[in-house]
Amino acid sequence: MPEPDQHTLARRKDIIAAMRDIIPSPGGVIVDDDQLRPYECDGLMAYRQLPMIVVLPENTAQVAAILKYCHTNKIRVVPRGAGTGLSGGALPMADAITISMMKFNRVLDIDWDNRAAVVQPGVTNLGITRAVEHKGFYYAPDPSSQIACSIGGNIAENSGGVHCLKYGLTTNNVLGVEMVTIEGDILRIGGKGLDQAGYDLLGIITGSEGLLGIVTEVTVRILRKPETARALLLGFNSSEEGGNCVAAIIAAGIIPGGLEMMDAPAIKATEEFVQAGYPLDVEALLLVELDGPQVEVDYLIDRVGKIAKDCGAVYSRISENEEERLLFWSGRKNAFPAIGRISPDYMCMDGTIPRGRLSEVLTGMQDLSKKHGLGVANVFHAGDGNLHPLIMFDANKAGDLEKAEAFGADILRLCVAVGGVLSGEHGIGVEKRDLMGEMFSIDDMKHQERIKMAFDEDQLLNPGKVFPTLHGCGELKTLHAKAVADKFPDIPRF
(Lines give C-alpha, C1' and ligand atoms only; values in the text may rest on other atoms or scores of the structure.)
Protein backbone atom coordinates (compact mmCIF):
# COMPACT_ATOMS: atom_id res chain seq x y z
CA MET A 1 0.00 0.00 0.00
CA PRO A 2 1.17 3.60 -0.53
CA GLU A 3 3.12 5.06 2.37
CA PRO A 4 1.01 7.31 4.65
CA ASP A 5 1.42 11.00 3.94
CA GLN A 6 2.92 12.53 7.07
CA HIS A 7 1.71 16.02 6.16
CA THR A 8 -1.87 14.72 6.12
CA LEU A 9 -1.44 12.91 9.44
CA ALA A 10 -0.08 16.10 11.01
CA ARG A 11 -3.31 17.87 10.01
CA ARG A 12 -5.64 15.22 11.46
CA LYS A 13 -7.22 17.56 14.04
CA ASP A 14 -7.94 20.19 11.40
CA ILE A 15 -9.40 17.54 9.08
CA ILE A 16 -11.65 16.22 11.85
CA ALA A 17 -12.88 19.76 12.56
CA ALA A 18 -13.61 20.33 8.86
CA MET A 19 -15.54 17.04 8.62
CA ARG A 20 -17.62 17.94 11.68
CA ASP A 21 -18.50 21.24 10.05
CA ILE A 22 -19.76 19.32 7.00
CA ILE A 23 -21.50 16.57 9.01
CA PRO A 24 -22.71 18.16 12.27
CA SER A 25 -25.02 15.30 13.29
CA PRO A 26 -23.89 13.13 16.25
CA GLY A 27 -21.93 10.06 15.17
CA GLY A 28 -21.32 11.43 11.70
CA VAL A 29 -17.55 11.61 12.23
CA ILE A 30 -15.78 8.68 13.94
CA VAL A 31 -12.31 9.29 15.38
CA ASP A 32 -11.77 6.98 18.39
CA ASP A 33 -9.75 3.82 17.80
CA ASP A 34 -12.34 1.50 19.36
CA GLN A 35 -15.07 2.92 17.14
CA LEU A 36 -12.81 2.81 14.07
CA ARG A 37 -12.06 -0.89 14.60
CA PRO A 38 -15.15 -2.22 12.73
CA TYR A 39 -13.91 -0.37 9.64
CA GLU A 40 -10.36 -1.78 9.63
CA CYS A 41 -11.11 -4.38 6.92
CA ASP A 42 -13.78 -5.70 4.62
CA GLY A 43 -14.63 -9.37 3.97
CA LEU A 44 -10.96 -10.05 3.17
CA MET A 45 -10.07 -10.08 6.85
CA ALA A 46 -6.46 -11.17 6.36
CA TYR A 47 -5.51 -7.52 5.75
CA ARG A 48 -6.31 -4.83 8.33
CA GLN A 49 -5.58 -1.14 8.84
CA LEU A 50 -7.29 1.43 11.03
CA PRO A 51 -8.56 4.39 8.99
CA MET A 52 -7.50 7.91 9.88
CA ILE A 53 -11.16 8.84 10.41
CA VAL A 54 -14.54 7.56 9.20
CA VAL A 55 -17.36 9.83 8.06
CA LEU A 56 -20.99 8.87 7.47
CA PRO A 57 -22.62 11.46 5.22
CA GLU A 58 -26.41 11.57 4.98
CA ASN A 59 -26.99 13.26 1.63
CA THR A 60 -25.35 13.97 -1.71
CA ALA A 61 -24.49 17.56 -0.80
CA GLN A 62 -22.41 16.34 2.14
CA VAL A 63 -20.59 13.80 -0.04
CA ALA A 64 -19.82 16.55 -2.55
CA ALA A 65 -18.53 18.86 0.19
CA ILE A 66 -16.30 16.13 1.64
CA LEU A 67 -14.80 15.24 -1.72
CA LYS A 68 -14.27 18.88 -2.68
CA TYR A 69 -12.42 19.44 0.61
CA CYS A 70 -10.30 16.33 0.06
CA HIS A 71 -9.46 17.39 -3.49
CA THR A 72 -8.48 20.90 -2.41
CA ASN A 73 -6.36 19.62 0.47
CA LYS A 74 -4.98 16.53 -1.33
CA ILE A 75 -6.41 14.03 1.18
CA ARG A 76 -6.95 10.42 0.17
CA VAL A 77 -10.42 8.87 0.28
CA VAL A 78 -11.59 5.25 0.65
CA PRO A 79 -15.28 4.67 -0.23
CA ARG A 80 -17.04 1.91 1.72
CA GLY A 81 -20.37 0.15 1.46
CA ALA A 82 -21.47 -2.69 3.73
CA GLY A 83 -17.93 -4.09 4.00
CA THR A 84 -18.81 -7.53 2.59
CA GLY A 85 -16.34 -7.31 -0.32
CA LEU A 86 -13.86 -10.16 -0.64
CA SER A 87 -10.94 -8.52 -2.46
CA GLY A 88 -9.89 -5.81 0.00
CA GLY A 89 -11.47 -3.05 -2.07
CA ALA A 90 -12.53 -1.16 1.08
CA LEU A 91 -9.24 -1.68 2.95
CA PRO A 92 -8.63 1.64 4.77
CA MET A 93 -5.47 3.72 4.80
CA ALA A 94 -3.82 5.33 7.81
CA ASP A 95 -3.87 8.75 6.11
CA ALA A 96 -7.26 8.52 4.36
CA ILE A 97 -10.84 9.40 5.16
CA THR A 98 -13.09 6.35 4.90
CA ILE A 99 -16.51 7.43 3.62
CA SER A 100 -19.20 4.97 4.70
CA MET A 101 -22.36 5.18 2.57
CA MET A 102 -24.57 3.13 4.86
CA LYS A 103 -26.79 6.07 5.88
CA PHE A 104 -27.89 6.22 2.24
CA ASN A 105 -30.41 3.46 2.88
CA ARG A 106 -33.73 4.57 1.38
CA VAL A 107 -35.77 3.36 -1.58
CA LEU A 108 -36.58 6.66 -3.32
CA ASP A 109 -38.96 5.67 -6.09
CA ILE A 110 -40.52 2.59 -7.67
CA ASP A 111 -41.67 3.10 -11.26
CA TRP A 112 -43.83 0.10 -12.07
CA ASP A 113 -44.59 1.24 -15.62
CA ASN A 114 -40.91 1.53 -16.53
CA ARG A 115 -39.96 -1.44 -14.34
CA ALA A 116 -37.32 0.55 -12.52
CA ALA A 117 -36.49 1.38 -8.93
CA VAL A 118 -34.44 4.35 -7.71
CA VAL A 119 -32.55 3.58 -4.51
CA GLN A 120 -29.70 4.93 -2.44
CA PRO A 121 -26.41 2.98 -2.49
CA GLY A 122 -26.70 1.74 1.10
CA VAL A 123 -29.87 -0.25 0.36
CA THR A 124 -29.09 -3.95 0.54
CA ASN A 125 -29.31 -6.12 -2.54
CA LEU A 126 -32.15 -8.15 -1.02
CA GLY A 127 -33.78 -4.95 0.21
CA ILE A 128 -34.60 -3.99 -3.38
CA THR A 129 -36.46 -7.26 -3.96
CA ARG A 130 -38.30 -6.91 -0.66
CA ALA A 131 -39.45 -3.42 -1.68
CA VAL A 132 -41.06 -4.68 -4.89
CA GLU A 133 -42.00 -8.33 -4.28
CA HIS A 134 -45.53 -7.49 -3.08
CA LYS A 135 -46.39 -6.70 -6.70
CA GLY A 136 -44.62 -9.74 -8.14
CA PHE A 137 -41.30 -8.07 -9.04
CA TYR A 138 -37.71 -8.69 -7.97
CA TYR A 139 -34.12 -7.54 -8.57
CA ALA A 140 -32.24 -10.27 -10.43
CA PRO A 141 -28.54 -10.16 -9.34
CA ASP A 142 -28.31 -12.15 -6.10
CA PRO A 143 -24.84 -12.57 -4.55
CA SER A 144 -24.63 -15.02 -1.67
CA SER A 145 -24.21 -12.03 0.66
CA GLN A 146 -27.38 -10.38 -0.69
CA ILE A 147 -28.96 -10.07 2.75
CA ALA A 148 -26.10 -7.75 3.79
CA CYS A 149 -24.24 -6.41 0.74
CA SER A 150 -25.23 -2.96 -0.54
CA ILE A 151 -26.21 -2.04 -4.07
CA GLY A 152 -23.46 0.59 -4.08
CA GLY A 153 -20.89 -2.12 -3.33
CA ASN A 154 -22.46 -4.30 -6.02
CA ILE A 155 -21.85 -1.53 -8.54
CA ALA A 156 -18.27 -1.08 -7.36
CA GLU A 157 -17.45 -4.77 -7.92
CA ASN A 158 -19.99 -5.59 -10.68
CA SER A 159 -21.43 -8.37 -8.51
CA GLY A 160 -23.26 -11.32 -9.99
CA GLY A 161 -24.86 -14.16 -8.08
CA VAL A 162 -26.38 -17.54 -8.71
CA HIS A 163 -28.86 -16.26 -11.32
CA CYS A 164 -26.42 -14.17 -13.37
CA LEU A 165 -26.17 -16.80 -16.13
CA LYS A 166 -29.65 -15.96 -17.43
CA TYR A 167 -30.27 -12.49 -16.01
CA GLY A 168 -26.84 -10.90 -16.06
CA LEU A 169 -24.54 -9.22 -13.57
CA THR A 170 -24.98 -5.81 -11.98
CA THR A 171 -23.86 -4.06 -15.16
CA ASN A 172 -26.79 -5.65 -17.03
CA ASN A 173 -29.32 -4.49 -14.44
CA VAL A 174 -28.25 -0.94 -13.57
CA LEU A 175 -29.86 1.77 -15.69
CA GLY A 176 -28.38 4.93 -14.19
CA VAL A 177 -26.41 6.46 -11.33
CA GLU A 178 -25.82 9.75 -9.61
CA MET A 179 -22.10 10.04 -8.87
CA VAL A 180 -19.92 12.62 -7.14
CA THR A 181 -16.43 13.20 -8.57
CA ILE A 182 -13.34 13.89 -6.47
CA GLU A 183 -13.75 17.61 -7.33
CA GLY A 184 -17.21 17.55 -5.72
CA ASP A 185 -19.14 17.73 -8.98
CA ILE A 186 -22.44 15.82 -9.08
CA LEU A 187 -23.01 13.84 -12.28
CA ARG A 188 -26.08 11.99 -13.52
CA ILE A 189 -25.33 9.17 -15.93
CA GLY A 190 -28.03 7.06 -17.55
CA GLY A 191 -31.61 6.90 -16.31
CA LYS A 192 -34.79 4.89 -16.69
CA GLY A 193 -34.42 4.58 -20.45
CA LEU A 194 -32.95 1.32 -21.68
CA ASP A 195 -30.45 2.96 -24.03
CA GLN A 196 -28.38 6.12 -23.60
CA ALA A 197 -26.59 8.16 -26.22
CA GLY A 198 -22.84 8.73 -26.19
CA TYR A 199 -20.03 6.83 -24.53
CA ASP A 200 -20.95 4.00 -22.18
CA LEU A 201 -19.82 5.79 -19.02
CA LEU A 202 -22.19 3.67 -16.96
CA GLY A 203 -20.28 0.59 -18.12
CA ILE A 204 -17.00 2.17 -17.00
CA ILE A 205 -18.35 3.14 -13.59
CA THR A 206 -19.85 -0.29 -12.89
CA GLY A 207 -16.97 -2.41 -11.68
CA SER A 208 -14.59 0.55 -11.17
CA GLU A 209 -14.03 -0.37 -7.49
CA GLY A 210 -14.36 3.15 -6.09
CA LEU A 211 -11.51 4.55 -8.21
CA LEU A 212 -13.58 7.01 -10.26
CA GLY A 213 -16.14 8.57 -7.90
CA ILE A 214 -18.73 7.86 -5.23
CA VAL A 215 -22.21 6.72 -6.27
CA THR A 216 -25.01 8.41 -4.30
CA GLU A 217 -28.09 7.16 -6.16
CA VAL A 218 -28.85 4.12 -8.32
CA THR A 219 -31.57 3.30 -10.83
CA VAL A 220 -32.00 -0.44 -11.32
CA ARG A 221 -34.08 -2.66 -13.54
CA ILE A 222 -36.75 -4.75 -11.79
CA LEU A 223 -38.19 -7.89 -13.35
CA ARG A 224 -41.44 -9.80 -13.11
CA LYS A 225 -41.10 -12.90 -10.95
CA PRO A 226 -41.24 -15.99 -13.20
CA GLU A 227 -44.51 -17.88 -13.20
CA THR A 228 -42.76 -21.12 -12.21
CA ALA A 229 -39.33 -22.04 -10.92
CA ARG A 230 -38.09 -25.58 -10.15
CA ALA A 231 -34.66 -26.87 -9.23
CA LEU A 232 -32.83 -30.13 -9.86
CA LEU A 233 -30.04 -31.71 -7.87
CA LEU A 234 -27.79 -33.82 -10.10
CA GLY A 235 -24.97 -35.92 -8.65
CA PHE A 236 -21.93 -37.30 -10.50
CA ASN A 237 -19.05 -39.62 -9.67
CA SER A 238 -16.50 -37.07 -10.89
CA SER A 239 -16.16 -33.35 -11.40
CA GLU A 240 -15.29 -34.06 -15.03
CA GLU A 241 -18.71 -35.66 -15.61
CA GLY A 242 -20.38 -32.72 -13.86
CA GLY A 243 -18.46 -30.26 -16.02
CA ASN A 244 -19.39 -32.17 -19.16
CA CYS A 245 -23.04 -31.97 -18.14
CA VAL A 246 -22.80 -28.19 -17.74
CA ALA A 247 -21.38 -27.88 -21.25
CA ALA A 248 -24.03 -30.22 -22.67
CA ILE A 249 -26.90 -28.25 -21.12
CA ILE A 250 -25.66 -24.97 -22.59
CA ALA A 251 -24.84 -26.63 -25.93
CA ALA A 252 -28.45 -27.83 -26.12
CA GLY A 253 -29.58 -24.20 -26.11
CA ILE A 254 -30.93 -24.31 -22.57
CA ILE A 255 -30.10 -21.30 -20.39
CA PRO A 256 -31.09 -22.13 -16.80
CA GLY A 257 -31.99 -19.41 -14.32
CA GLY A 258 -29.12 -20.78 -12.22
CA LEU A 259 -26.49 -23.48 -12.81
CA GLU A 260 -24.22 -24.12 -9.81
CA MET A 261 -21.68 -26.82 -8.98
CA MET A 262 -20.11 -28.06 -5.74
CA ASP A 263 -17.39 -30.63 -5.17
CA ALA A 264 -17.34 -33.33 -2.46
CA PRO A 265 -15.72 -31.26 0.36
CA ALA A 266 -18.19 -28.42 -0.21
CA ILE A 267 -21.16 -30.83 -0.39
CA LYS A 268 -20.23 -32.48 2.90
CA ALA A 269 -19.63 -29.22 4.78
CA THR A 270 -22.84 -27.65 3.44
CA GLU A 271 -25.05 -30.63 4.19
CA GLU A 272 -23.78 -30.82 7.77
CA PHE A 273 -24.55 -27.10 8.19
CA VAL A 274 -27.88 -26.67 6.37
CA GLN A 275 -29.25 -30.22 5.94
CA ALA A 276 -30.62 -29.38 2.51
CA GLY A 277 -30.86 -33.03 1.48
CA TYR A 278 -27.65 -33.08 -0.59
CA PRO A 279 -26.27 -36.56 -1.40
CA LEU A 280 -22.99 -37.35 0.36
CA ASP A 281 -21.87 -40.21 -1.91
CA VAL A 282 -21.13 -38.12 -5.03
CA GLU A 283 -18.00 -36.21 -6.08
CA ALA A 284 -19.83 -33.38 -7.83
CA LEU A 285 -23.29 -31.89 -7.44
CA LEU A 286 -25.08 -29.66 -9.94
CA LEU A 287 -27.92 -27.39 -8.86
CA VAL A 288 -29.95 -26.46 -11.92
CA GLU A 289 -32.89 -24.06 -11.76
CA LEU A 290 -35.31 -23.61 -14.64
CA ASP A 291 -37.90 -20.84 -14.65
CA GLY A 292 -40.62 -19.45 -16.87
CA PRO A 293 -44.11 -20.62 -17.88
CA GLN A 294 -44.96 -23.95 -16.24
CA VAL A 295 -45.31 -25.84 -19.50
CA GLU A 296 -41.82 -24.67 -20.55
CA VAL A 297 -40.28 -25.52 -17.18
CA ASP A 298 -41.79 -29.01 -17.19
CA TYR A 299 -40.43 -29.61 -20.68
CA LEU A 300 -36.94 -28.34 -19.83
CA ILE A 301 -36.82 -30.33 -16.58
CA ASP A 302 -37.32 -33.49 -18.64
CA ARG A 303 -34.67 -32.45 -21.20
CA VAL A 304 -32.07 -31.57 -18.57
CA GLY A 305 -32.75 -34.87 -16.78
CA LYS A 306 -32.05 -36.81 -19.96
CA ILE A 307 -28.88 -34.81 -20.68
CA ALA A 308 -27.65 -35.48 -17.14
CA LYS A 309 -28.31 -39.20 -17.47
CA ASP A 310 -26.35 -39.32 -20.72
CA CYS A 311 -23.47 -37.53 -18.93
CA GLY A 312 -23.35 -40.17 -16.20
CA ALA A 313 -25.53 -38.70 -13.44
CA VAL A 314 -25.91 -41.16 -10.56
CA TYR A 315 -28.31 -39.02 -8.52
CA SER A 316 -31.29 -36.89 -9.54
CA ARG A 317 -33.86 -35.06 -7.44
CA ILE A 318 -36.41 -32.45 -8.51
CA SER A 319 -37.92 -29.89 -6.15
CA GLU A 320 -41.61 -30.64 -5.64
CA ASN A 321 -42.62 -27.30 -4.15
CA GLU A 322 -41.34 -23.80 -3.46
CA GLU A 323 -40.13 -24.67 0.04
CA GLU A 324 -37.97 -27.48 -1.31
CA ARG A 325 -36.55 -25.28 -4.08
CA LEU A 326 -35.57 -22.65 -1.52
CA LEU A 327 -34.01 -25.36 0.66
CA PHE A 328 -31.83 -26.49 -2.25
CA TRP A 329 -30.67 -22.90 -2.73
CA SER A 330 -30.21 -22.36 1.01
CA GLY A 331 -27.48 -24.99 0.91
CA ARG A 332 -25.66 -23.26 -1.93
CA LYS A 333 -25.98 -19.76 -0.44
CA ASN A 334 -24.66 -20.99 2.91
CA ALA A 335 -21.67 -22.83 1.49
CA PHE A 336 -19.20 -20.15 2.60
CA PRO A 337 -20.25 -20.11 6.29
CA ALA A 338 -20.42 -23.91 6.13
CA ILE A 339 -16.70 -23.99 5.30
CA GLY A 340 -16.15 -21.52 8.13
CA ARG A 341 -17.47 -24.15 10.55
CA ILE A 342 -14.82 -26.71 9.61
CA SER A 343 -11.81 -24.44 9.04
CA PRO A 344 -10.42 -21.71 11.33
CA ASP A 345 -10.00 -19.44 8.30
CA TYR A 346 -10.64 -19.59 4.59
CA MET A 347 -9.81 -17.44 1.59
CA CYS A 348 -12.46 -17.21 -1.14
CA MET A 349 -10.99 -16.82 -4.62
CA ASP A 350 -12.81 -15.57 -7.71
CA GLY A 351 -11.46 -16.58 -11.10
CA THR A 352 -13.46 -17.17 -14.27
CA ILE A 353 -12.67 -19.73 -16.98
CA PRO A 354 -14.15 -21.04 -20.23
CA ARG A 355 -16.71 -23.71 -19.35
CA GLY A 356 -14.94 -26.28 -21.52
CA ARG A 357 -11.81 -26.12 -19.31
CA LEU A 358 -13.68 -26.77 -16.07
CA SER A 359 -12.54 -30.33 -15.38
CA GLU A 360 -8.95 -29.44 -16.29
CA VAL A 361 -8.87 -26.54 -13.83
CA LEU A 362 -10.51 -28.55 -11.04
CA THR A 363 -7.88 -31.25 -11.49
CA GLY A 364 -5.18 -28.59 -11.49
CA MET A 365 -6.50 -27.17 -8.23
CA GLN A 366 -6.23 -30.56 -6.56
CA ASP A 367 -2.59 -30.74 -7.67
CA LEU A 368 -2.02 -27.25 -6.25
CA SER A 369 -3.69 -28.29 -3.01
CA LYS A 370 -1.09 -31.03 -2.58
CA LYS A 371 1.71 -28.65 -3.56
CA HIS A 372 0.78 -26.04 -0.94
CA GLY A 373 -0.42 -28.47 1.71
CA LEU A 374 -3.81 -26.78 2.17
CA GLY A 375 -7.33 -28.04 1.58
CA VAL A 376 -9.70 -26.51 -0.96
CA ALA A 377 -13.45 -26.77 -1.45
CA ASN A 378 -15.09 -25.65 -4.67
CA VAL A 379 -18.41 -23.86 -4.99
CA PHE A 380 -19.02 -21.98 -8.20
CA HIS A 381 -21.28 -20.56 -10.86
CA ALA A 382 -20.73 -23.39 -13.33
CA GLY A 383 -22.93 -21.89 -16.04
CA ASP A 384 -20.63 -18.93 -16.65
CA GLY A 385 -17.39 -20.49 -15.41
CA ASN A 386 -17.04 -18.23 -12.36
CA LEU A 387 -15.08 -20.25 -9.77
CA HIS A 388 -15.06 -19.65 -6.02
CA PRO A 389 -12.39 -21.98 -4.58
CA LEU A 390 -12.35 -21.80 -0.78
CA ILE A 391 -8.79 -22.26 0.50
CA MET A 392 -8.79 -23.55 4.08
CA PHE A 393 -6.03 -22.47 6.45
CA ASP A 394 -5.30 -21.38 10.02
CA ALA A 395 -4.10 -17.78 10.35
CA ASN A 396 -2.78 -18.57 13.83
CA LYS A 397 -0.43 -21.17 12.39
CA ALA A 398 2.91 -19.73 11.29
CA GLY A 399 3.21 -19.61 7.51
CA ASP A 400 -0.36 -20.69 6.75
CA LEU A 401 -1.54 -17.28 5.53
CA GLU A 402 1.44 -17.00 3.19
CA LYS A 403 0.74 -20.50 1.85
CA ALA A 404 -2.92 -19.59 1.29
CA GLU A 405 -1.92 -16.44 -0.60
CA ALA A 406 0.52 -18.40 -2.79
CA PHE A 407 -2.10 -21.10 -3.40
CA GLY A 408 -4.69 -18.50 -4.40
CA ALA A 409 -2.25 -16.76 -6.74
CA ASP A 410 -1.48 -20.08 -8.44
CA ILE A 411 -5.20 -20.77 -8.92
CA LEU A 412 -5.68 -17.39 -10.60
CA ARG A 413 -2.62 -17.93 -12.80
CA LEU A 414 -4.14 -21.25 -13.85
CA CYS A 415 -7.43 -19.51 -14.70
CA VAL A 416 -5.64 -16.98 -16.91
CA ALA A 417 -3.51 -19.70 -18.53
CA VAL A 418 -6.61 -21.54 -19.80
CA GLY A 419 -8.11 -18.38 -21.27
CA GLY A 420 -9.93 -17.07 -18.22
CA VAL A 421 -9.74 -13.88 -16.17
CA LEU A 422 -8.67 -12.84 -12.67
CA SER A 423 -12.13 -11.93 -11.38
CA GLY A 424 -15.74 -12.66 -12.15
CA GLU A 425 -17.48 -10.55 -9.52
CA HIS A 426 -15.32 -9.92 -6.43
CA GLY A 427 -13.06 -7.36 -8.08
CA ILE A 428 -9.29 -6.90 -8.02
CA GLY A 429 -8.85 -4.75 -4.89
CA VAL A 430 -5.61 -5.53 -3.11
CA GLU A 431 -6.04 -9.31 -3.27
CA LYS A 432 -5.37 -9.64 -7.02
CA ARG A 433 -3.63 -6.31 -7.62
CA ASP A 434 -0.14 -7.76 -8.01
CA LEU A 435 -1.43 -10.41 -10.43
CA MET A 436 -2.71 -7.89 -12.98
CA GLY A 437 0.46 -8.44 -15.00
CA GLU A 438 -0.52 -12.09 -15.49
CA MET A 439 -3.45 -10.95 -17.61
CA PHE A 440 -2.65 -7.46 -18.90
CA SER A 441 0.36 -6.00 -20.65
CA ILE A 442 1.92 -2.71 -19.53
CA ASP A 443 0.10 -0.94 -22.36
CA ASP A 444 -3.22 -2.52 -21.32
CA MET A 445 -2.82 -1.25 -17.77
CA LYS A 446 -1.70 2.20 -18.89
CA HIS A 447 -4.87 2.57 -20.95
CA GLN A 448 -6.92 1.66 -17.86
CA GLU A 449 -4.91 4.07 -15.73
CA ARG A 450 -5.53 6.89 -18.22
CA ILE A 451 -9.25 6.47 -17.58
CA LYS A 452 -8.56 6.62 -13.86
CA MET A 453 -6.56 9.84 -14.34
CA ALA A 454 -9.36 11.43 -16.35
CA PHE A 455 -11.60 11.15 -13.26
CA ASP A 456 -8.97 11.46 -10.51
CA GLU A 457 -5.72 13.05 -11.64
CA ASP A 458 -4.22 13.21 -8.13
CA GLN A 459 -4.98 9.55 -7.36
CA LEU A 460 -6.92 10.39 -4.22
CA LEU A 461 -9.79 7.91 -4.68
CA ASN A 462 -9.10 4.46 -3.24
CA PRO A 463 -5.33 4.47 -3.91
CA GLY A 464 -3.35 1.26 -3.73
CA LYS A 465 -6.16 -0.80 -5.27
CA VAL A 466 -6.34 -2.56 -8.66
CA PHE A 467 -3.10 -1.29 -10.24
CA PRO A 468 0.23 -2.84 -9.16
CA THR A 469 2.11 0.43 -9.65
CA LEU A 470 0.28 3.69 -10.15
CA HIS A 471 1.97 6.02 -12.61
CA GLY A 472 1.93 9.79 -12.57
CA CYS A 473 -0.55 11.48 -14.86
CA GLY A 474 2.20 13.16 -16.87
CA GLU A 475 3.91 9.84 -17.52
CA LEU A 476 0.72 8.43 -19.02
CA LYS A 477 0.04 11.36 -21.34
CA THR A 478 2.34 10.12 -24.07
CA LEU A 479 0.00 10.50 -27.05
CA HIS A 480 0.07 14.18 -28.01
CA ALA A 481 -2.11 15.99 -30.53
CA LYS A 482 0.73 16.55 -32.98
CA ALA A 483 1.57 12.84 -33.02
CA VAL A 484 -2.08 12.07 -33.79
CA ALA A 485 -2.15 14.66 -36.59
CA ASP A 486 0.99 13.20 -38.15
CA LYS A 487 -0.34 9.65 -37.95
CA PHE A 488 -3.90 10.45 -39.17
CA PRO A 489 -3.59 13.48 -41.49
CA ASP A 490 -6.98 12.90 -43.14
CA ILE A 491 -9.02 13.30 -39.95
CA PRO A 492 -10.65 16.78 -39.86
CA ARG A 493 -9.52 19.07 -37.04
CA PHE A 494 -11.76 21.61 -35.33
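Reader: How many salt bridges does the structure hold?
Author: Keep in mind that this is a predicted model, where local features need pLDDT of at least 70 and side-chain atom pairs count only at pLDDT 80 or more, while totals for chains, interfaces and linings use all residues. Residues are numbered from 1 along each chain as its sequence is written, and side-chain values use heavy atoms, with hydrogens and water left out. A salt bridge here is a side-chain nitrogen of Lys or Arg within 4 Å of a carboxyl oxygen of Asp or Glu. By that rule, the salt bridges number 27.

Reader: Which residue does Arg357 meet in a salt bridge?
Author: Arg357 is partly exposed at 32% relative accessibility, where buried means under 20% relative accessible area, exposed over 50% and partly exposed in between (1.4 Å probe, protein chains only). Its partner is partly exposed too, at 39%. The N to O distance in this salt bridge is 2.7 Å, and the partner is Glu360.

Reader: How many residues apart in sequence are the parts that Glu438 and Arg413 tie together?
Author: The side chains of Glu438 and Arg413 form a salt bridge at 3.2 Å, N to O. Glu438 sits in helix α16 (residues 436-439) and Arg413 in helix α15 (residues 400-417); helices are DSSP runs (H or I, at least four residues), numbered from the N terminus. So the pair joins parts whose separation in sequence is 25 residues.

Reader: What is the relative accessible area of Glu438?
Author: Its partner Arg413 counts as partly exposed, at 34%. Glu438 is partly exposed as well, and its value is 41%.

Reader: Which residues are linked with Arg413 in a network of salt bridges?
Author: Glu438 pairs with Arg413 directly, at 3.2 Å. The network also takes in other residues, and the ones linked with Arg413 are Lys371, Asp410 and Glu438.

Reader: Are Asp456 and Lys452 buried or exposed?
Author: These two form a salt bridge, with the closest N and O atoms 2.7 Å apart. As for accessibility, Asp456 and Lys452 are both buried.

Reader: How many disulfides does a search of the whole structure find?
Author: A disulfide needs a pair of cysteine sulfur atoms within 2.5 Å. The sulfur of Cys41 is 15 Å from the closest cysteine sulfur, in Cys348, so that is too far for a bond. The sulfur of Cys348 has its closest cysteine sulfur in Cys415, 12 Å away, also too far for a bond. Across the whole structure, the number of disulfides is zero.

Notes. Helix = DSSP H or I, 4+ residues; strand = E, 2+ residues; numbered from the N terminus.
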